[in-house]
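User: I am new to this structure, and I would like to learn how its open and enclosed spaces are told apart.

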Amino acid sequence: MDLPKHKTCYRALQSRDARFDGLIFVGVTSTGIYCRPICPARTPKSENCRFYRSAAAAQEAGFRPCLRCRPESAPDWSSWRGTSNTVSRALALIAEGGLDREGSGVEALADRLGIGERQLRRLFLQHLGASPVSVAQTRRVLFAKQLIHETRMPMTEIALAAGFGSVRRFNEVFRNLFHRPPRALRRKIIASDANAEAGVSLRLRYRPPYDWDSILQFLQKRAIAGVELIENGKYLRTVEIDRNIGSIEVTHLPEQNSLGVRIRFPDVRAFPRIVARIRRLFDVGADIETIEQHLSTDPLLAPLVARRPGLRAPGGWDGFELAVRAILGQQITVAGARRLAGQLVAIYGQRVSADKVGHNGLTHVFPTAKVIASAVAIGIAMPKSRQESLKALAEAAVADPGLFHPFRGIEESITRLRSIRGVGEWTAQYIALRAIRETDAFPATDIGLLRGAATLYDGASTAAALLDRAESWRPWRAYAAQHLWAANSVAI
Ligand SMILES: [Zn+2]
């Protein structure tokens with residue numbers, strides 16, 4: 001997206017237009033502060049305003065984040081596609097720490113995406129107005145700022161959680177930026193804030209509308225016993241990252257256009273990754289307005305979109321887990337696949353204690369690829385060929401830990417996945433859609449999709465006909481698929 005004209009941006013600022021929130025940031029030259037367009041502070045003079053496409057660009061230009069409108073709580077557009085899928089894939093990798101670890105520089109990132117380093121920098125400049133490194137740095141600062149404001153975590157833990165190498169570095173960055181130490185930014189704790197429950201609570205803002213009921217229903221139908229739980233309108237699950245075990249709890253805060261998240265996890269350094277995964281699972285960063293506008297141009301799809309405004313495309317919590325689900329789901333019902341997944345977890349998943357995860361209904365973590373790969377026989381009731389593909393998948397995942405991360409383009413991801421024994425076109429497209437988050441993935445042979453399409457029009461009984469029709473839904477076919485699935489579940 002190009003930055004709108006100064007006049008348009010300024011008008012958005014004057015009217016505190018929420019549609020521009022997260023899309024543009026304004027740096028005010030007279031104060032040195034940058035804000036969201038909805039900032040409650042008095043509107044600065046037009047000639048003092050500089051507009052930017054990202055918080056990173058404003059920060060790179062020397063502005064510091066406003067303490068009133070808090071740029072860190074603007075909706076995050078990390079999965080915004082614009083005209084560059086490469087930028088979106090890069091942002092997804094950065095969100096999972098792609099530039100935080102040692103030996104993971106911009107060059108390695110560009111390499112993974114199949115382009116040169118200079119080209120990646122150029123694309124970032126064009127679409128975000130900032131370099132990849134400054135996007136990663138701004139992310140760290142803003143995440144730390146969010147933790148300072150919204151939690152009671154000690155500063156030393158926040159420094160670690162946000163990916164600062166040391167507390168000294170954290171203090172230094174904050175002093176430079178805000179001219180005061182980090183703890184001075186913390187507001188006084190109000191009594192009602194001081195709830196005794198364990199874990200760290202955060203809010204993730206989305207751009208409305210958000211169809212929470214549909215996504216919760218989707219997850220409920222697929223919830224694996226012991227690993228996931230839907231209760232009182234909340235989604236809970238166990239999580240395992242780098243051998244540490246904890247849990248997350250996600251709820252809807254419609255008045256705040258946010259999801260409320262509670263994380264229980266022993267290692268705070270995993271927080272950015274956990275948050276990135278929750279964003280992916282709940283498709284928090286979708287540019288829903290653009291997507292719905294586009295899909296509504298097809299007269300057959302328009303009524304579906306109108307019926308479910310804000311319908312999201314749920315991601316997968318973990319690539320391997322999602323791929324296992326896809327294989328278990330080959331040629332059987334969602335309920336059947338869910339049962340098999342439960343059996344698999346009962347045999348191979350590590351048991352967890354309730355005091356670690358905070359709920360009696362959460363009893364296991366999903367088995368790792370390593371455990372499945374080393375199993376002699378899978379031992380659950382399904383055809384031998386599918387047991388073999390499950391093992392082949394696990395072996396492939398052990399051999400290449402990046403198998404389920406964005407990689408160059410969708411075609412290349414599909415090809416790589418299809419080279420695994422037992423992974424056909426449907427399975428590969430399904431994995432691409434939910435695990436790799438390719439917004440144009442489309443498992444056209446899916447029976448649910450075909451049925452959903454059949455409720456719309458007659459000529460949709462074959463995958464070829466559906467694919468043909470879906471051409472005009474590009475690059476958002478994943479969302480069209482979600483609408484068709486939803487239509488089918490109502491039809492049943
Ligand atoms: Zn502000």
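User: Which residues lie nearest the centre of the largest pocket, and how many residues line it?

Analyst: This is a predicted model, in which local features need pLDDT of at least 70 and side-chain atom pairs count only at pLDDT 80 or more, while totals for chains, interfaces and linings use all residues. Residues are numbered from 1 along each chain as its sequence is written, and side-chain values use heavy atoms, with hydrogens and water left out. The largest pocket is lined by 42 residues, and Glu240, Asp242, Arg277, Asp318 and Pro401 lie nearest its centre.

User: What makes a space a pocket and not a cavity?

Analyst: On a 1 Å grid over the protein atoms alone, a cavity is a set of points where a 1.4 Å probe fits but cannot get out, whereas a pocket is an open set with protein on both sides within 12 Å along at least five of seven lines; lining residues have an atom within 4 Å of a point. The largest pocket has a volume of about 1,400 Å³, a volume being the space filled by probe spheres set on the points, which are joined across faces, edges and corners.

User: How many cavities does the search find, and which residues lie nearest the centre of the second largest?

Analyst: The whole structure holds 4 cavities of 30 Å³ or more. The second largest cavity encloses about 70 Å³, and its lining of 13 residues has Glu228, Trp317, Glu321, Arg325 and Arg434 nearest the centre.

User: Why is Phe271 said to be in contact with Phe143?

Analyst: Contact means heavy atoms within 4.5 Å, and Phe143 is listed among the contacts of Phe271 once neighbours within four places in sequence are left aside, so the two have heavy atoms within that cut-off.
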